[in-house]
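Welcome, and please get your viewer ready for a short walk through aromatic rings and the charges that sit over them. Stick representation for side chains will serve you well.

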Amino acid sequence: MKQQAGRRRARRLAIGTVVVLALAGMNGPWLYRFGTGKYHQYKIDQPEYKAENGRWEIIDFPDEYKQNTIHAALLRTGKVLLVAGSGNNQDNFDAKRFDTRIWDPVKGTIKKVPTPTDLFCTGHTQLADGNLLIAGGTKRYEKLKGDVTKAGGLMVVHNENPDKPITLPAGTEFTGKENGRTFVSKDPVLVPRAKKVYDETTGEYLRNDPGLGRIYVEAQKSGAEYETGTQDNYTVRGLSGADARNTYGIAEKLALDKKDFQGIRDAYEFDPVAEEYIKVDPMHEARWYPTLTTLSDGKVLSVSGLDDIGQLVPGKNEVFDPETKEWTYTDTTRQFPTYPALFLMQNGKVFYSGSNAGYGPDDVGREPGVWDVETNEFDEVPGLSDADMMETSGTVLLPPAQDERYMVIGGGGVGESRLSSEKTRIVDLKADRPEFVDGPSLEKGTRYPQASVLPDDSVLVSGGSEDYRGRGDSNILQARLYDTGTNSFRRVADPLVGRNYHSGSILLPDGRVMFFGSDSLYGDRANTKPGMFEQRIEIYTPPYLYGGERPDLSGGPRRIARGGSGTFTSKAAASIEKARLIRPSAATHVTDVDQRSIAVDFEVSGDQVTVTVPGNRNLVQSGWYMLFVTDGDGVPSKAQWVRVP
């Protein structure tokens, strides 16, 4: 079969070469009349070209359904959830216009879905029952220096009473003992009781460690004269007696500097059948730019993000229990930059690749490694090239997932740096001493690369930009297929639309790949015109769908337990060489920790194909999967949806 596939590919190449040479050999005037653009269109429409390079198609929704899509997830119904929230548009935020769409790529239909709050820059992951968990979002847009009129910042409220917590309502006034300036809280804050500390040897009482609460405050009036330059202690207005003695605030500089985005605690499940959001227990920590990752016990870990005062959550990680619908803090802490790429490993630990989407200190939590969430032990993985350019890099678990090999793609310098990396780095976590080695390079330094695992075990890598948010007209209109067997890239058809910040890609059940979003900072090379959000969807049809009749797959169970088997029907059963379970994607900000392609054993008897699901629950997490079979020519079937309980 593999020899046959090789001969077929060689034949396609030969025919394509003949077509191009024949056209090139025609007289010059004919080519001139035909026109360069028309010739290019003619070339990419040829069956031979598509069979070797694939084809791109733009889907432009009717105006009433267009939105600035920031997040997308494939639902078990085969439809795609497209979430904008306020869509990085403060006018929408101020007017509370929050958007969600559901698109059916088969029927081509699209509908609007009521959106309960600003799910812009939220986190999401697939749950075992097929719902999508969504947590976090936007409480306040950033304010750049010059736009801030009232001095403000973080107030840490102390409670030295070991007998009871204290709650301060929104609007509480704090007055500095030294500077005399008064600042007002924007939200209520619960300050826990103080903790009594004893000598571990003698049992002697030593002191009270105060309970701490964090709150954003701002000056009562506008103007630079209300800024503070140094730390001060603050009395709390309205308290008396023991509460007044035990409760106080401490703040560093409260100024007119830039104020970052602020997160929310809200969490929802999206029901793909009812097609609606269902509110669940809110997180303990507000989070903007968090990552949600499924753990060994099926609970969901929520990590990082900016909190409700615009500061990086200080290592306070928490888990969601899909059974109780409640969040609890983990016993261990570790701090990461925002949107860290965290993947569940087959041993139950979590791999951090170093990829992230930005916010956070440049010297805290950026080293890649293997994290034991239960013990907080973290073993760094060495060898990462361009380690100072991991922001906006992409990470993908290479297929099949059993091999536990990861590829880190491109990336850029911290913040709005102009630096970008053309590197790919690969690590084998099954090695005795895992270490990154360089894979094949990209042609250009690439921020925001999109990577989708395909049913034939190749990986589509496309898009991105050389500079921060496409600055300087630096979008990269290139796509490549990565061959896991040869460790090499092959250039394929170029995308029609540039994609950078706020973009992503999703594998569809028919084997095509959907691309969404892009949020260029500027719209011209000189960086003088503001950028426009890319609202068009683009579909890439890989070469394998032009390679001949695809194998069919039908019947079979909708539910297969780990270690269990299910039998499906295929007239092409004898030609099948691979079977894969692919977890549906939930993508945003170059982060998609859900997608994984799992090899499944299979047996063929006549027109019957019996597949067996691996037994490791960390490899095959509970949930819905797309089951693909692929023939000897690399052509995949359409997916059958299967639930692994």
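Start by selecting Phe351 in this predicted model: the residue is buried, with a relative accessible area of 0%. Now add Tyr406, which also counts as buried, at 0% relative accessibility. Phe351 and Tyr406 form a tilted aromatic pair, 4.7 Å centre to centre, with 45 degrees between the planes. Colour the backbone next: Phe351 belongs to strand E27 (residues 350–352) and Tyr406 to strand E31 (residues 405–409), so the pair ties together parts that are 55 residues apart in sequence.

That is one stop among many, as the structure holds 24 aromatic pairs. For another, select Phe120 and Tyr141. Is this pair stacked or edge-to-face? The ring centres are 5.7 Å apart and the planes of Phe120 and Tyr141 meet at 20 degrees, under the 30 degrees cut-off, so the pair is stacked. Follow the chain outwards and you find Phe120 in the loop between strands E5 (110–112) and E6 (123–126), and Tyr141 in the loop between strands E8 (138–140) and E9 (152–159), so this contact ties together parts that are 21 residues apart in sequence. Phe120 is buried at 1% relative accessible area, and Tyr141 is buried at 4%.

Keep both selected and add Phe93, Phe261, Trp288, Tyr289, Tyr339 and Tyr359: ring pairs link these residues with Phe120 and Tyr141 into a cluster.

Finish with two charges. Select Arg140 and Tyr216, where the arginine lies over the ring face, 5.0 Å from the ring centre. Then select Lys112, whose charged end sits over the ring of Tyr65, 5.9 Å from its centre.

Conventions. Residues are numbered from 1 along each chain as its sequence is written. This is a predicted model: local features need pLDDT of at least 70, side-chain atom pairs count only at pLDDT 80 or more; totals for chains, interfaces and linings use all residues. Side-chain values use heavy atoms; hydrogens and water are left out. Rings of Phe, Tyr and Trp (its six-membered ring) pair if their centres lie within 6.5 Å; planes under 30 degrees apart count as stacked, over 60 as edge-to-face and the rest as tilted. Helices (H or I, at least four residues) and strands (E, at least two) are DSSP runs, numbered from the N terminus. Buried means under 20% relative accessible area, exposed over 50%, partly exposed in between (1.4 Å probe, protein chains only). A charge sits over a ring if NZ of Lys or CZ of Arg is within 6 Å of the ring centre and within 35 degrees of the ring normal.
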